[in-house]
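Student: I should like to learn how helix packing and a nonpolar core are read from a model. Could we work through one case together?

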Amino acid sequence: MMQIGSIGVLKDKAVNIENMYKLKEACRQFESMFISQLLSQMEKTVPEDPMVKNDAANSIYRSMYINALSDKFSQSSPFGIAKMLFDTLKDYINYKTHIEKTTNEPIKLKTEIQFKPLNKDKPIKIDKKMELIQKAVDEASKRFHVPKQLLYGIIKAESSFNPKAVSKAGAIGLMQLMPQTAIELGVKNIWDIRENILGGAKYISKLIKEFKDYKKALAAYNAGPANVKKYGGIPPFKETQNYVKKVLAYAYEKY
């Protein structure tokens with residue numbers, strides 16, 4: 001016999017599927033409107049036929065014809081706009097849903113890690129999650145050509161190695177990515193250790209290429225590229241200036 005809880009789960013799934021269909025249809029209609037505008041502009045370039053009256057009736061007919069044609073075209077999404085919009089919005093909705101269900105709990109490390117200059121004769125004892133972080137940092141460093149030490153410095157300054165860290169501004173995870181930025185970076189699951197580090201590494205790599213300077217890139221990571229451009233260097237914000245110093249100091253530690 002089906003339990004009440006099971007019925008509730010099925011009902012939620014049905015609602016979600018229905019919402020996805022509505023979203024897909026809304027995206028298709030958006031592409032239809034785009035095509036309609038395109039066809040209307042194209043029509044204006046066609047010389048008027050002297051045999052056809054340019055009156056209200058013909059204007060309405062042409063408008064209806066273009067709308068019907070646009071609706072038909074949008075069924076196959078010739079420009080891919082509907083699909084791209086749907087995929088992006090779907091990911092964002094899943095993302096927001098995930099945020100609501102997640103609590104900000106710190107990692108329970110088996111061994112407490114001291115992030116201070118360590119004696120080389122006493123290597124750090126690491127747990128499984130730290131192993132995942134190290135593997136992701138290695139991969140990110142190779143893929144985006146960012147020094148591993150710099151990534152470790154950012155991670156420590158941003159989240160103290162807590163993958164579930166959430167800032168007051170809404171930044172999430174080890175590299176403290178903002179949800180919208182994460183989507184733009186191609187991150188599917190911002191809470192995932194590997195994806196969060198790869199996303200952050202991709203972003204800092206982009207900033208390093210843009211500013212060709214580690215300090216300016218770090219300042220842009222903290223305060224935004226626009227502020228670095230505005231002040232021609234590290235902005236006169238105490239938080240940002242301290243952030244750059246902290247990351248560079250942490251980068252020299254042993255991980």
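**Reading a helix crossing and a core**

Tutor: Let us begin with one helix pair in this predicted model. Helix α5 crosses helix α7 with right-handed geometry.

Student: At what angle do α5 and α7 pack, and how far apart are their axes?

Tutor: One compares the directions of the two axes and then their separation. Here α5 (residues 148–159) and α7 (residues 193–211) pack at about 115 degrees, and their axes are 11 Å apart. The angle therefore makes α5 roughly perpendicular to α7, since that class runs from 65 to 115 degrees.

Student: Which residues of α5 and α7 meet?

Tutor: From α5 come L150, L151, I154 and I155, which meet I197, A201, I204 and I208 of α7. By class, the residues of this contact are eight nonpolar, no polar and no charged.

Student: How many residues does the largest nonpolar core have, and which have the most contacts inside it?

Tutor: That core has 41 residues, and I133, I154, I197, I204 and Y221 have the most contacts inside it. At least two core residues come from each of α4 (128–144), α5, α7, α8 (214–223) and α10 (238–251). Helix α7 gives the largest share, nine residues.

Student: Beyond its neighbours within four places in sequence, what does I133 contact?

Tutor: I133 is in contact with Y152, I155, F161, L174, I193 and I197.

Student: Is S70 of helix α2 buried or exposed?

Tutor: S70, in α2 (residues 56–74), is buried because its relative accessible area is 0%, and buried means under 20%. Leaving aside neighbours within four places in sequence, S70 contacts S32, I35, S36 and L39.

Methods. Residues are numbered from 1 along each chain as its sequence is written. This is a predicted model: local features need pLDDT of at least 70, side-chain atom pairs count only at pLDDT 80 or more; totals for chains, interfaces and linings use all residues. Side-chain values use heavy atoms; hydrogens and water are left out. Axes are lines fitted to C-alpha atoms, for helices over the stretch in contact, and angles run from 0 to 180 degrees between N-to-C directions. Helices (H or I, at least four residues) and strands (E, at least two) are DSSP runs, numbered from the N terminus. Angles under 35 degrees count as roughly parallel, over 145 as roughly antiparallel, 65 to 115 as roughly perpendicular and the rest as oblique. A crossing is left-handed if the near helix is turned anticlockwise from the far one by less than a right angle, and right-handed if clockwise. Contact means heavy atoms within 4.5 Å. Ala, Val, Leu, Ile, Met, Phe, Trp, Tyr, Cys and Pro count as nonpolar, Asp, Glu, Lys and Arg as charged, and the others, Gly among them, as polar. A nonpolar core is a set of buried Ala, Val, Leu, Ile, Met, Phe, Trp, Tyr and Cys residues joined through side-chain atoms within 4.5 Å. Buried means under 20% relative accessible area, exposed over 50%, partly exposed in between (1.4 Å probe, protein chains only).
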